[in-house]
Amino acid sequence: MIPIHYIENPKMKKVLGIIFLSLCLSDSILAQSNKIDDVKYHAYWKEGNYDSALVWAEKNLVLAEKYTSPEDTLYAGILLLKAKALSQLGQVEKAEPLFLQVVNIYKMQVGEHHPSYAASLCKLAILYRHTGKHVEAEVLLLQAIRNHSGETNPACAMLLNELTTLYRHLGKYAGYEWLYQQALEMTKSQLGVTQPAYAHSLNKLAMLYRHTGRYKEAESLMQQALEIIENQSGVHTTTYANGLHNMAMLYREMERYREAETLIQQALKIIKEQKGEEHIAYAAPLDNFAQLNYHMGRYVQAEGLYQQAIEIRKVHLGENHPAYATSLFNLALLYQKTGRYGQADSLLRQVIRIRKAYYGKNHTFYAQSIHALAVLAAQLRQDTLAFKLFVKANRIIRKNIQTYFIGLSQQEQKQYLTTLSDYFADYHHFALQYSKINPVLTTLSYDNILLLKGLLLQQSQRMRETVMANADTALQQIFRQWTSYQTQLAKLYSGSLEERSLNADSLEKLANQLEKQLMRASSVFRDYHFDLQVNWSEVQATLKAKEAAIEFIHFLLPDTTVQYAALVLRKDDAFPQMVALGKEDQLIKLLSRGNITRKEHVQQLYRGVEKPLLAMHLSDSLYQLIWQPLDSLLQDIQTLYYAPSGRLHQIAFAALPYNDSLLLSDRFVLRQVSYTRVLALPAKKDLVPASAALFGGIYYDPDTSGLMVKATGDLPSIRSANLSQNGSTSKPWLYLPATEREVRGISLLLEQQKIGARLYSGEQGSEEAFKALSHHTDAPDILHLATHGFFFIKEKVEGRKPVYYHAEDPLLRSGLIMAGANQKWRGKPLTSEQEDGILTAYEVSQMDLSGTDLVVLSGCETGLGEVSDVEGVYGLQRAFQMAGVRYLIMSLWQVPDEETRHMMMFFYQEWLQKGRSIQAAFQSARQQMRVKYEPYYWAGFVLVE
């Protein structure tokens with residue numbers, strides 16, 4: 001990778017951002033400067049007839065020796081063509097000294113700043129790339145780029161192109177995306193958007209996006225490229241066929257198999273007509289057509305296609321080429337799938353040898369082949385070999401995560417991790433199968449979870465902390481501009497699809513680019529790597545006697561079902577212990593309430609004062625599914641730190657039955673954490689609050705008409721939305737009288753403890769007032785929000801429904817209702833200056849509440865959101881954590897107004913008056929509520945730290 005100080009040099013950015021065209025430009029430079037009649041040579045080359053190309057070069061080299069000196073540039077030009085042909089024929093030992101000879105001739109005759117010298121360096125770099133000498137290739141390219149600093153000629157273009165190609169082969173996706181983007185803009189400005197060179201640039205960037213899981217962006221660029229090629233070259237050229245092939249590969253990865261099949265068959269037909277079935281150009285789409293058939297379950301067809309592609313690549317590229325290895329790897333997976341394990345093993349070992357020699361020991365492709373052999377070994381019950389291979393592959397993947405994350409935005413990081421999910425799932429499955437035989441297997445599973453769970457959240461928090469603490473005024477300006485874009489986007493997102501500005505897409509791109517600059521410039525990972533290196537033994541070292549930590553995990557099995565498991569870590573154990581729990585379909589069945597009310601469902605799932613027969617059945621089933629398998633490991637444990645995963649975030653663990661008379665919260669002191677990694681991080685001091693901001697008794701109508709319900713006695717019983725089923729908007733939010741009594745009661749308690757409290761009620765409980773708290777020095781120690789909350793599961797757009805129903809981002813489908821919200825909720829227009837009163841989680845996530853230790857969300861479903869694989873819940877919980885809050889009290893379901901007030905008063909009394917810790921006060925408040933009420937009224941509240 002280019003050193004950071006070199007990449008960020010403005011002068012070099014200008015050079016590296018120059019337009020790149022096809023690599024064939026280098027040959028054009030030499031031909032034009034030396035007057036070589038190389039038409040026949042290139043005809044042979046285009047046909048893939050490298051033997052004839054070599055014969056042509058040798059014949060002309062003999063002629064050149066008669067009429068010119070071996071130090072002449074004309075001689076060097078022909079010598080280069082011979083070296084290229086030898087290289088393509090796999091005769092690297094013969095080709096390398098010729099390339100070096102060419103480089104020396106041009107250096108002596110035309111100097112290091114001449115385009116021909118740059119072209120010769122580029123060709124030598126290509127040879128080094130093909131032979132796995134990646135460091136040498138990078139050194140040559142950077143040397144040539146420095147020689148052409150500030151120039152805009154084709155020599156710079158080809159150097160840039162080869163540099164990005166090198167980085168792509170090395171898997172360094174994050175380090176060079178901006179090069180392609182700048183090149184694309186330069187191509188557009190110099191050649192326009194109708195030229196093949198522009199289509200080539202579009203396809204290059206699209207392939208980058210495809211490799212990093214950014215499928216929507218990739219598809220858009222590929223479609224643009226296809227249109228340009230069609231207009232310029234027609235639909236019967238190999239260039240157009242390659243475009244179809246690229247799109248087909250993308251659709252295959254998106255599981256749009258039928259569309260992929262149509263495109264790839266069309267591509268194969270074109271190449272067959274233009275080049276024939278034996279041409280090297282036919283091999284790549286053939287191999288990918290085989291992959292498509294494999295994914296569609298057509299194994300016989302896939303095998304024949306793979307073998308055909310392998311033979312073509314063997315003839316044209318030899319048996320040490322990475323493309324040949326790719327075809328072998330794909331066929332090996334097919335053999336493994338169909339039970340031909342011996343053949344699969346042989347092919348995978350061959351692939352490993354080729355990829356190690358070509359890519360080196362730290363490349364993702366090398367790790368991929370090692371991992372595949374590990375999975376095969378596990379299938380063959382070779383657990384010792386499998387573990388060794390898994391560890392080796394895992395080390396590479398973990399290292400690459402830390403390397404590639406630099407410079408990626410949050411969304412790009414998430415997409416990148418998605419592409420790696422199978423690696424970690426396969427190992428969890430292996431460890432679950434064999435950990436009883438070999439307990440050490442669990443250590444890698446635990447360490448992987450410590451790395452992955454909450455990784456994006458932690459990285460985002462650290463970036464903000466680092467930027468805010470940095471005295472660099474330029475960096476601060478970038479950060480302010482980025483937050484400004486985020487604020488503008490939040491406003492655009494809050495409108496309907498019809499209202500949303502057409503500038504949203506471009507604004508998203510600008511915000512994304514600035515975020516990546518912040519990630520690079522703030523040097524997040526130079527500090528953050530310490531957090532990434534936390535391992536299970538460091539977590540264990542923080543545990544006291546009779547304490548344990550539990551990391552819940554869930555992962556995809558080979559049969560596509562989702563398995564839940566728990567990693568239990570006790571103080572004196574030699575290793576963590578891994579326990580299988582239930583499957584996700586079982587959990588979904590228990591958590592689905594069907595046509596009954598939420599209250600009835602909670603009564604069936606959790607045990608309270610009374611135990612109806614059905615409640616016993618469902619609560620016992622839930623206990624047996626997710627907790628009973630752990631019980632034998634927890635007999636001497638009193639305090640449990642646990643980090644939920646997947647749908648376990650929806651479980652009220654405190655109300656699960658332990659036996660006929662006790663709940664889990666009776667048996668254990670339960671401490672829910674986002675990830676157990678926090679136990680090994682530097683501990684923060686206990687909160688001693690000095691200030692608070694309390695929101696409650698809010699008027700949701702600007703004209704206070706919402707208070708008219710008082711006259712009719714039609715008071716709402718819960719703090720959630722009253723949704724219409726068929727209308728374009730929901731019914732208005734109703735005033736919550738108990739919330740006013742709640743915040744005033746808390747205010748009195750704070751006053752008694754001499755804690756300054758600001759009260760925001762009525763019209764003062766506005767979105768503007770809340771956002772004014774967004775600064776480290778202004779943020780209160782305690783933030784209490786007693787109001788309506790909402791989270792909507794994504795649905796199809798009907799009519800003019802607000803974005804809160806159908807947005808892709810779950811942070812836009814979750815939020816809190818502030819003063820005056822009914823005007824926007826009813827679809828009435830607002831002035832451009834005023835906030836709409838609907839505080840989305842997205843808006844909260846852009847705030848700075850790092851000075852706030854405790855946030856209490858005293859509303860409905862404030863703990864809900866969209867569950868991510870390892871990142872927890874994307875909703876208000878995620879938003880406040882991104883804003884920097886330490887402790888969160890939230891609800892998992894609709895909470896009754898008056899009973900919630902009681903719960904909150906109990907909590908603050910225990911905390912402020914009796915001096916208990918936040919955790920102890922919260923648990924005591926739940927116990928007091930339990931004496932008086934069923935679980936529906938108290939179990940839905942959770943404390944997360």
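**Exercise 1: a strand with two partners**

Task: In this predicted model, find out how strand 2 and strand 3 (residues 577-583) pair, and over how many bridges.

Solution. Start with the direction: strand 2 and strand 3 pair in the antiparallel sense, and five bridges hold the pairing. Now pick out one pair to look at: L567 stands opposite M578 in strand 3. Then follow the chain from one strand to the next, and you'll pass through a hairpin with six residues linking strand 2 to strand 3.

Next, turn to the other partner. Strand 1 (residues 547-556) is joined to strand 2 by nine bridges, and these two run antiparallel. If you click on I550, its bridge partner in strand 2 is V568. This hairpin has five residues between strand 1 and strand 2, and T560 in it takes a positive phi near 75 degrees.

Last step: check how covered strand 2 (residues 562-570) is. Eight of its nine residues are buried, so "mostly covered" is a fair label.

**Exercise 2: checking the span of a helix**

Task: Work out whether the span of helix 13 (residues 215-233) agrees with 1.5 Å a residue.

Solution. Helix 13 has 19 residues, which should span 27 Å at that rise. Its end C-alpha atoms are 26 Å apart, so the two values agree.

Now see which side chains are tucked away. The buried residues of helix 13 are A218, E219, L221, M222, A225, L226, I228 and I229. Here's a handy rule for reading such a list: an α-helix has 3.6 residues a turn, so residues three or four places apart point the same way. As for what does the covering, helix 12 (196-211) and helix 14 are among the elements over those buried residues. Step off the end of helix 13 and you meet G234, with a positive phi near 90 degrees.

Try the check again on helix 19 (residues 341-359). Its 19 residues reach 26 Å from first C-alpha to last, close to the expected 27 Å. Its buried residues include D345, R355, Y358 and Y359. Just after helix 19 comes G360, with a positive phi of about 95 degrees.

**Exercise 3: a helix largely enclosed**

Task: Explain why helix 40 can be called largely enclosed by the rest of the structure.

Solution. First, get its dimensions: helix 40 (residues 897-913) has 17 residues and reaches 24 Å between its end C-alpha atoms, close to the 24 Å expected. Then count the burial: 14 of those 17 residues are buried, so helix 40 is largely enclosed by the rest of the structure. After helix 40 there's G915, whose phi is positive, near 70 degrees.

**Exercise 4: two residues under the cut-off**

Task: Decide whether K82 is buried or exposed, and do the same for N246.

Solution. You need one cut-off here: buried means under 20% relative accessible area. K82, which lies in helix 6 (residues 73-88), has 18%, so K82 is buried. Beyond residues up to four places away in sequence, K82 touches L54, A57, E58, L61 and L98.

Now move to N246, in helix 14 (residues 238-253). At 14% relative accessibility, N246 counts as buried too. Setting aside its neighbours within four places, N246 is in contact with N203, M207 and M222. M222 is one of the buried residues of helix 13, so you've met it in Exercise 2.

**Exercise 5: hunting for empty space**

Task: Find how many cavities of 30 Å³ or more the whole structure has, and say which residues are closest to the centre of the largest cavity.

Solution. A search of the whole structure turns up 10 such cavities. The largest cavity holds about 130 Å³ of space. It is lined by 16 residues, and the closest to its centre are Y642, L670, F922, R926 and L943.

Where does that lining come from? Strand 5 (669-672), helix 41 (918-932) and strand 16 (941-944) each supply at least two residues. Helix 41 gives the most, with four. Finally, sort the lining by class: 10 residues are nonpolar, three are polar and three are charged.

**Exercise 6: stepping back**

Task: Say how many helices and strands the chain has, and what share of its residues counts as buried.

Solution. The secondary structure comes to 41 helices and 16 strands. Out of 945 residues, 58% count as buried. To finish, look at the contacts with a separation of 6 or more: 72% of them are between residues 24 or more positions apart.

Terms used: Residues numbered from 1 in each chain as written. Predicted model: local features only at pLDDT ≥ 70, side-chain atom pairs only at ≥ 80, totals over all residues. Heavy atoms only, no water. Expected span 1.5 Å × (residues − 1). Buried < 20%, exposed > 50% of the residue type's maximum accessible area, 1.4 Å probe, protein only. 1 Å grid on protein atoms, 1.4 Å probe; cavity = no way out; pocket = protein on both sides within 12 Å on 5 of 7 lines; lining within 4 Å. Points joined across faces, edges and corners; volume = space filled by probe spheres on them. Nonpolar A, V, L, I, M, F, W, Y, C, P; charged D, E, K, R; others polar. Contact = heavy atoms within 4.5 Å. Pairing = 2+ DSSP bridges.
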